[in-house]
Amino acid sequence: MVIALIAGIGCGIGQFFLLRRALRPIAQGKNPSAMLLLSQLPIPIVLLLSCAMIDVVLLPFAGGGFCGGLIVSAVVNLLIEKKKKD
């Protein structure tokens, strides 16, 4: 249970950094790379499938950790970006 939560948090943080890298060209008005956009799919799929193969009860913990990792990463990134502007 704890391992699934930690794995979900780690995957959520990794997913955030991939999203950030993929969306940077869009913010600059350029076209993003299709490979970079498609490279985001394996992280949640592997996380959820591996937890489902081990035990289906772990899925809510892995999914909650994944969402929590994304949210925490976004908040920390926002605070760092605000501090850089000041």
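Which residues does Gln40 touch, not counting residues up to four places away in sequence? Keep that in mind as we walk through this predicted model.

To find Gln40, look in the loop between α2 (34–38) and α3. Its contacts beyond those sequence neighbours are Gln15, Leu18, Leu19 and Ala22, which answers our opening question. Is Gln40 buried or exposed? Its relative accessible area is 10%, and the cut-off for buried is under 20%, so Gln40 counts as buried.

Now let us turn to the aromatic rings. Searching the whole structure turns up 1 aromatic pair. A pair like this is described by how far apart the ring centres are and by the angle of the planes. Here the partners are Phe16 and Phe17, with ring centres 5.6 Å apart and planes at 70°, so the pair is edge-to-face; angles over 60 degrees earn that label. What about their surroundings? Phe16 is buried, at 11% relative accessible area, whereas Phe17 has 47% relative accessibility and is therefore partly exposed, as that value falls between the 20% and 50% limits.

Our last stop is the largest nonpolar core. Its 6 residues are Ala4, Leu47, Cys51, Leu58, Ala62 and Phe66. Two elements, α3 (42–54) and α4 (59–85), each give two or more residues to this core. Try picking out Leu58, one of the core residues. Setting aside neighbours within four places in sequence, Leu58 is in contact with Met1, Ala4 and Cys51. Among these partners, Ala4 and Cys51 also belong to the core.

Technical notes. Residues numbered from 1 in each chain as written. Predicted model: local features only at pLDDT ≥ 70, side-chain atom pairs only at ≥ 80, totals over all residues. Heavy atoms only, no water. Core = buried A, V, L, I, M, F, W, Y, C linked by side-chain atoms within 4.5 Å. Buried < 20%, exposed > 50% of the residue type's maximum accessible area, 1.4 Å probe, protein only. Helix = DSSP H or I, 4+ residues; strand = E, 2+ residues; numbered from the N terminus. Contact = heavy atoms within 4.5 Å. Phe/Tyr/Trp six-rings, centres within 6.5 Å; stacked < 30°, edge-to-face > 60°.
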